[in-house]
Amino acid sequence: MSTAASRLTKDQLAARIAADIPRGSYVNLGIGQPTLVADHLDLDSGVVLHTENGMLGMGRAATGDEIDPDLTNAGKVPVIETPGCSYFHHADSFAMMRGGHLDVCVLGAFQVSETGDLANWHTGAPDSIPAVGGAMDLAVGAKEVLVMMTLFGKDGRSKLVPELTYPATGLACVSRVYTDHGVFEVRSDGLLVIETFGCTVAGLMNSTGLALRDGPRWQSEHAQVVSHSGADRATPRAVSPSATPGRG
Amino acid sequence: MTPSPGVSAVRHVEFHGSAEAALSVVRDSDTILVGGFGMAGMPVTLIDGLIDAGPRDLTIVSNNAGNGEAGLAALLKAGRVRKVVCSFPRQHDSYVFDELYRSGQVELELVPQGTLAERMRAAGAGIGGFFTPTGFGTLLAEGKETRTIDGRGYVLELPIRADVALIAAHRADRVGNLVYRKTARNFGPVMAAAASTTIVEVASVVETGALDPENIVTPGIYVDHVLDRSASTKKNRA
């Protein structure tokens, strides 16, 4: 396990996640904080951004004359095209998600359980208006679901929990949880701490109340999240062979 | 060829210069699909026309439940909507819906976005329902039939059929073939097939043959009425 001296800012966390996204991946970034990850993706890495409203090859936010009301991201923010982009309708866009064609998605969360259940759509409060959007489709569909969140809520409680208390978005769907205090991998035998930022595993066990294992941060600079085995792919892509231990 | 007695003429696409004329088929209590994702692809002229046309007790199926005071929000505010079927009603400027929902004046059926699209696709494709992993084990699957297929949990979802679809496209030709622009395509092609009557507003109408057949996204078979915005009196779209 590697460590950093202090907890990460949102931007540092976004950069940390971006570093784990393999070259050539098809990636969906959820609305809110996960969109920050785009700022840290190397444009030459061949990563292709998917936006659920019907586009592959989405570019950065549009400015000035680039703004076109017919071209927005999932957060309804105007964006630009990149060379090689494509458009498709909503049923195709979600077939792409549900059908397991996206390599990685990054989502925000209210809570993640130690078995990888995700809650990010509804607080369950009686006066709240539920809104789900594409969260449930992404949770079940992307090959790897990465969560980006603060480890503790405003009330100081851990958002990484033994069992969800908020309504679930998807069950056993999260691969990794990236937080300001550390990175956690969801394994079938429990949570593994891959990295800590300004704290220790013992400290995290104390503050979260969870049983955590100290995991190796295997590899060099770029841990590979996505396993491109090739077995389930029609066309091999230029992704370096995965040395990543399998999930679970 | 002269048709045999009792065989009526094949229906053709009708072109209109006003929203009022294009919307004459809409009735009270209709289920209406409304295209758009945010403002991209939103058939604003048709929605404004629907407010003027006055049908009530509508069920609206759309991704969102209105923003600000225009479009769907204005239709909601006018008290014409009984029920909203959508994936993402809550937005920073969805206050019209929020208030109606909280005061019990509008019913909400919340549907995951991909399931919403696929339920309409199923309706248009003649599919009686489908099993999807989306939502399995969540509140949104409560009361629905589930099945385990190859070790994975799935939820049965049924088609959403509608009386009318209101969508926006970029161009139509004279047989109703449609092309869209960028992400404004969104729900348009799916909704066009899922409704008994599809009404499209387009930025312009071109002569038949002017659209490359390889690039047509919605074939004219799905289109019944076209409102040519370039021919209609320009309305204030603010």
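Let's start in chain A of this predicted model, with Ala15(A), which sits in helix H1, residues 10-19. Is Ala15(A) buried or partly exposed? With a relative accessible area of 29%, Ala15(A) counts as partly exposed. If you look for Ala38(A), you'll find its C-alpha atom 8.8 Å from that of Ala15(A), with their positions 23 residues apart along the chain.

Now jump along chain A to Gly198(A). This glycine is in the loop that links strand E13 (190-197) to helix H4 (201-208). Gly198(A) is partly exposed, at a relative accessible area of 44%. Which residues does Gly198(A) touch, leaving aside those up to four places away in sequence? They are Ala4(A), Ala5(A), Ser6(A) and Arg7(A). Ala5(A) is worth a look: although Gly198(A) and Ala5(A) are 193 residues apart along the chain, their C-alpha atoms are separated by 4.6 Å.

Arg7(A) turns up again as a neighbour of His181(A). That histidine belongs to the loop between strands E11 (174-178) and E12 (182-187) of chain A. His181(A) has a relative accessible area of 15%, and since the cut-off for buried is under 20%, His181(A) is buried. Its contacts, again setting aside residues up to four places away in sequence, are Arg7(A), Leu151(A), Phe152(A), Glu195(A), Thr196(A), Phe197(A), Cys199(A) and Leu204(A).

**Where the chains meet**

Chain B puts 43 residues into the contact between the two chains, and chain A puts in 39. Together they bury about 3300 Å², with 62% of that on carbon and sulfur atoms. Which three residues supply more of chain B's buried area against chain A than any other three? Phe37(B), Lys182(B) and Thr183(B) do, giving 20% of that area.

One place to see the chains meet is a pair of helices: H2 of chain A (residues 90-98) and H5 of chain B (residues 113-125), whose axes come within 9 Å and cross at roughly 125 degrees. H2(A) and H5(B) are therefore oblique to each other. The crossing of H2(A) past H5(B) is left-handed. On the H2(A) side, the residues involved are His90(A), Ala91(A), Phe94(A) and Arg98(A), and they meet Gln113(B), Gly114(B), Thr115(B), Ala117(B), Glu118(B) and Arg121(B) of H5(B). Sorted by class, this helix contact is made up of three nonpolar, four polar and three charged residues.

**A tour of chain B**

Chain B has six helices and twelve strands. It runs to 238 residues, and 57% of them count as buried. If you take the contacts in chain B between residues at least 6 apart in sequence, 74% of them join residues at least 24 apart.

How many of the ten residues of H2(B) are buried? Eight of the ten are, so H2(B) is largely enclosed by the rest of the structure. The buried ones are Val44(B), Thr45(B), Leu46(B), Ile47(B), Asp48(B), Gly49(B), Leu50(B) and Ile51(B).

Helix H4 of chain B, residues 95-102, has buried residues too: Val96(B), Phe97(B), Asp98(B) and Leu100(B). What do the buried residues of H4(B) pack against? Their partners in chain B are helix H3 (72-77), strand E4 (81-86) and strand E5 (107-110).

**Positive phi values in chain B**

Here are some residues with a positive phi, and where to find them.

| Residue | Phi | Place |
|---|---|---|
| Gly54(B) | about 90 degrees | just after H2(B) |
| Gly104(B) | about 75 degrees | just after H4(B) |
| Asp57(B) | near 60 degrees | loop between helix H2 (44-53) and strand E3 (58-61) of chain B |
| Asp150(B) | near 50 degrees | loop between strand E7 (146-149) and strand E8 (152-157) of chain B |

In Asp57(B), the positive phi belongs to a residue other than glycine, and that also goes for Asp150(B). How do these two aspartates sit with respect to the surface? Asp57(B) is partly exposed, with a relative accessible area of 37%, whereas Asp150(B) is exposed, at 82%.

Note on methods: Residues are numbered from 1 along each chain as its sequence is written. Chains are lettered from A and ligands numbered from 1 in the order in which they are written. This is a predicted model: local features need pLDDT of at least 70, side-chain atom pairs count only at pLDDT 80 or more; totals for chains, interfaces and linings use all residues. Side-chain values use heavy atoms; hydrogens and water are left out. Helices (H or I, at least four residues) and strands (E, at least two) are DSSP runs, numbered from the N terminus. Buried means under 20% relative accessible area, exposed over 50%, partly exposed in between (1.4 Å probe, protein chains only). Contact means heavy atoms within 4.5 Å. Axes are lines fitted to C-alpha atoms, for helices over the stretch in contact, and angles run from 0 to 180 degrees between N-to-C directions. Angles under 35 degrees count as roughly parallel, over 145 as roughly antiparallel, 65 to 115 as roughly perpendicular and the rest as oblique. A crossing is left-handed if the near helix is turned anticlockwise from the far one by less than a right angle, and right-handed if clockwise. Ala, Val, Leu, Ile, Met, Phe, Trp, Tyr, Cys and Pro count as nonpolar, Asp, Glu, Lys and Arg as charged, and the others, Gly among them, as polar. Buried area is the accessible area (1.4 Å probe) that two parts lose on being put together, summed over both.
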